[in-house]
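Let's take a friendly look at two ligands and the protein residues around them. Have the structure open beside you as you read.

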Amino acid sequence: MHVLLTGAAGGVGTLLRDLLPALGHTLRLADLKPVEGGLTFDLRDTDAVRAAVRGVDAVVHLGGISLEDTFTNILGSNIEGTYELYEAVRQEGVKRVVFASSNHAVGYTPLTGDLIGSDTPTRPDTYYGLSKVFGEGLASLYADKHGIETVSIRIGSCFPKPRSARMLSTWLSPADCARLVHAALTTPDVGHTIVNGISANTRAWWDLSTARALGYEPHDNAEAYAAEVGELDPDSPDAKLLGGFFTTL
Ligand code: NAI
Ligand code: 15L
């Protein structure tokens with residue numbers, strides 16, 4: 001498939017740039033920051049976004065602010081930017097989007113010991129998390145009204161390796177991320193489907209059944225890094241709420 005990768009200069013974008021071509025995808029790269037061989041664009045620029053999506057089969061939408069920020073900044077890059085992306089997709093006749101949602105869309109979900117499904121009610125922990133709830137809602141609207149299909153992946157923590165004890169539960173390895181994005185791009189008839197995105201972590205808090213229903217089979221397990229990152233402090237927010245310290249920001 002010919003795929004536009006927004007946010008291509010970022011952490012996940014850099015990882016997927018290397019991994020998605022091996023799964024059969026030809027990438028068009030785009031970011032606010034210059035990226036080699038790619039387009040430099042602002043998601044808030046209607047014409048630039050429309051030009052970026054023209055002619056692709058699908059979009060993997062990673063672009064935007066990836067941490068908590070002022071409401072004004074989140075409004076621009078994440079809320080208006082995602083709206084511009086979906087409008088461009090509609091006008092250019094693109095039929096599939098993979099949206100990088102986040103655990104922070106459901107960050108106030110308590111950690112009770114039961115696995116949390118992708119149907120858990122939204123409980124954003126930040127303006128950032130709220131923008132992911134907006135993106136999921138927009139994806140639902142465009143699926144129902146315009147037949148544009150989206151898989152919204154609530155990514156846990158996608159980094160080359162876990163950076164904290166919390167990530168022993170939330171880690172999504174780069175290779176598993178590519179597998180999940182590939183499944184999200186290629187599975188037919190998804191409408192708007194929300195999936196949890198983590199690896200096969202021994203200490204997982206998330207249920208992966210909707211991701212597995214797309215054919216996702218994780219290969220990695222954060223447990224391999226347990227000695228490196230140490231144990232979770234049971235009194236810390238990271239041990240109590242899915243969004244961890246984001247709930248304190
Ligand atoms: P990142 O911050 O490294 O990359 C995001 C990219 O978006 C940056 O290169 C930035 O320049 C670009 N961007 C920001 N505003 C833009 C705009 N107005 N127009 C065009 N491009 C813009 O973030 P990362 O870690 O690569 O995450 C990628 C996506 O996945 C983000 O949407 C993030 O919210 C989501 N995500 C990431 C997680 C992770 O663990 N890395 C976890 C959950 C969600
Ligand atoms: C996210 O949504 C962020 O984009 C990423 O930088 C991490 O903080 C991740 O969540 C996480 O919760 O570990």
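Before we begin, one definition: helices and strands are DSSP runs, with at least four residues for a helix and at least two for a strand, and they are numbered from the N terminus. Keep in mind too that this is a predicted model.

**Ligand 1 and its shell**

Which element gives the most residues to the shell around ligand 1? That is β5, with 3 residues. The elements that give two or more residues to this shell are α1 (11-19), β5 (96-102) and α4 (127-146). Try finding these stretches in the picture.

There are 27 residues around ligand 1, and Val12, Asp31, Ser66, Tyr128 and Cys158 come nearest. Sorted by class, the shell holds 11 nonpolar, 11 polar and 5 charged residues. Ligand 1 itself sits in the largest pocket.

Some residues make polar contacts with oxygen atoms of ligand 1. Asp31 does so with a polar side-chain atom, whereas Gly11 uses a polar backbone atom. Cys158 also takes part through its backbone, with an N or O atom. How much of ligand 1 does the protein cover? On its own the ligand has 830 Å² of accessible area, and the protein covers 89% of it.

**Ligand 2 and its shell**

Now turn to ligand 2. The space taken by ligand 2 is the largest pocket. Residues around ligand 2 include Ser66, Leu67, Ser102, Asn103, His104, Tyr128 and Arg166. Ser66 and Tyr128 also appear among the residues that come nearest to ligand 1, so to speak a pair of names to look for in both places.

By class, the shell around ligand 2 has 5 nonpolar, 6 polar and 1 charged residues. Polar contacts to oxygen atoms of ligand 2 come from a backbone N or O atom of Ser66, from a polar side-chain atom of His104 and from an N or O atom in the side chain of Arg166. Taken alone, ligand 2 exposes 320 Å², and the protein buries 85% of that.

**The polar contacts side by side**

Here are the distances for both ligands.

| Residue | Part of the residue | Ligand | Distance |
|---|---|---|---|
| Gly11 | backbone | ligand 1 | 2.9 Å |
| Asp31 | side chain | ligand 1 | 2.6 Å |
| Cys158 | backbone | ligand 1 | 2.6 Å |
| Ser66 | backbone | ligand 2 | 2.6 Å |
| His104 | side chain | ligand 2 | 2.8 Å |
| Arg166 | side chain | ligand 2 | 3.0 Å |

Technical notes: Residues are numbered from 1 along each chain as its sequence is written. Chains are lettered from A and ligands numbered from 1 in the order in which they are written. This is a predicted model: local features need pLDDT of at least 70, side-chain atom pairs count only at pLDDT 80 or more; totals for chains, interfaces and linings use all residues. Side-chain values use heavy atoms; hydrogens and water are left out. A residue is near a molecule or strand if one of its heavy atoms lies within 4 Å of it. A polar contact is a pair of N or O atoms within 3.5 Å; within protein, one must be able to donate a hydrogen and the other to accept it, and residues adjacent in sequence count only if both atoms are side-chain atoms. Accessible areas come from the Shrake-Rupley method with a 1.4 Å probe; for residues, only the protein chains shown count as cover. On a 1 Å grid over the protein atoms alone, a cavity is a set of points where a 1.4 Å probe fits but cannot get out, and a pocket is an open set with protein on both sides within 12 Å along at least five of seven lines; lining residues have an atom within 4 Å of a point. A molecule sits in a cavity or pocket if more than half of its atoms lie within 2 Å of its grid points. Ala, Val, Leu, Ile, Met, Phe, Trp, Tyr, Cys and Pro count as nonpolar, Asp, Glu, Lys and Arg as charged, and the others, Gly among them, as polar.
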